[in-house]
Amino acid sequence: MTIERIIGTRSHVEFVNVFERTSFATTSGTIELLRNWAHQYLNEPHRNLGRAGPVCPFAGPSVERRLFWAGIVESGNVDSASMSAIVEDMADIFPELSPRDGKDAILKAIVAVFPNIADFDIIDTVQAHGKSKFIKKGMMLGQFYPGCLEPGLWNDDFRPLDAPLPMLAVRQMVSTDYPFLTARSEWMAAYLKRFAPTVPSPARAFIVAKMRS
């Protein structure tokens with residue numbers, strides 16, 4: 001039987017399988033917006049992306065295999081402490097979601113959505129504070145919100161994290177994540193510990209260039 005709902009032990013936020021047909025008795029506006037964003041933005045090419053293919057190459061397969069989870073936090077009074085508790089819950093929940101291993105494990109994702117917050121600086125703060133812990137565990141923690149100015153990898157003028165909803169997202173670290181990890185030696189150490197035997201040649205060249213610069 002497919003598990004469709006999980007409750008965070010710290011935050012008590014309910015995380016649901018977004019694309020399971022029976023996950024919602026009724027479809028909320030937030031969930032519908034999240035689904036449309038995944039289908040119409042993440043899973044599609046963009047003229048400013050700077051490379052071929054969809055904005056997120058994992059989104060389509062994740063949706064197709066129903067490996068996309070979300071917790072909707074309706075309160076508009078979320079502070080950094082309560083948001084951090086939600087993030088810690090996701091750090092515990094994510095590794096336990098199926099599949100735990102195998103090729104499809106990199107397709108699962110879990111997001112916490114905060115549709116009614118106005119201070120997006122909290123999202124940046126919590127993401128920056130929690131990123132190292134996630135990386136050490138082989139996961140990536142990303143921030144999304146309206147107007148996010150984080151540039152794309154392939155085009156500095158593209159803003160891939162500019163999303164219709166404020167969110168924090170967790171996914172598995174993959175070998176192509178090295179450009180996100182060069183800012184700190186401990187991040188690269190965690191990356192190399194996990195991927196050193198199989199690091200692709202472009203990644204090796206990039207890492208060597210960074211070390212020389």
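This is a short tour of a predicted model, moving from its sheet to a helix beside the sheet, then to one serine and the nonpolar cores.

Begin by selecting the strands, where you will find that 6 of them form an open sheet with mixed pairing, in the order S1-S2-S3-S4-S6-S5. At the edges are strand S1 (5-7) and strand S5 (139-144), each of which pairs on one side only. As you look across the sheet, the twist from one strand to the next averages 20°.

Stay with S5 and add strand S6 (residues 167-172), since these two strands run antiparallel and are joined by 6 bridges. To see one pairing up close, select Met139, whose bridge partner in S6 is Gln172. Now show helix H4 (residues 121-136), which lies across S5 and S6 and runs at about 170° to S5.

Next, go to helix H2 (residues 59-64) and select Ser62, which has its place there. Is Ser62 buried or exposed? Ser62 counts as buried, because its relative accessibility is 2%, and buried means under 20%. Leaving aside residues up to four places away in sequence, Ser62 touches Leu67, Phe68, Leu107, Lys108 and Ala109.

Finally, turn to the largest nonpolar core, which has 50 residues, and select Phe15, Leu34, Met83, Ile110, Phe114 and Leu168, the ones that touch the most other members. Among the elements that give two or more residues to this core are helix H1 (29-42), strand S3 (68-72) and strand S4 (109-113), while the largest share, 7 residues, comes from H3. Another core, of 12 residues, lies apart from this one, and to find it you can select members including Tyr178, Leu181, Phe195 and Val199.

Definitions and conventions
Residues are numbered from 1 along each chain as its sequence is written. This is a predicted model: local features need pLDDT of at least 70, side-chain atom pairs count only at pLDDT 80 or more; totals for chains, interfaces and linings use all residues. Side-chain values use heavy atoms; hydrogens and water are left out. Two strands pair if DSSP finds at least two bridges between them. Helices (H or I, at least four residues) and strands (E, at least two) are DSSP runs, numbered from the N terminus. Axes are lines fitted to C-alpha atoms, for helices over the stretch in contact, and angles run from 0 to 180 degrees between N-to-C directions. Contact means heavy atoms within 4.5 Å. Buried means under 20% relative accessible area, exposed over 50%, partly exposed in between (1.4 Å probe, protein chains only). A nonpolar core is a set of buried Ala, Val, Leu, Ile, Met, Phe, Trp, Tyr and Cys residues joined through side-chain atoms within 4.5 Å.
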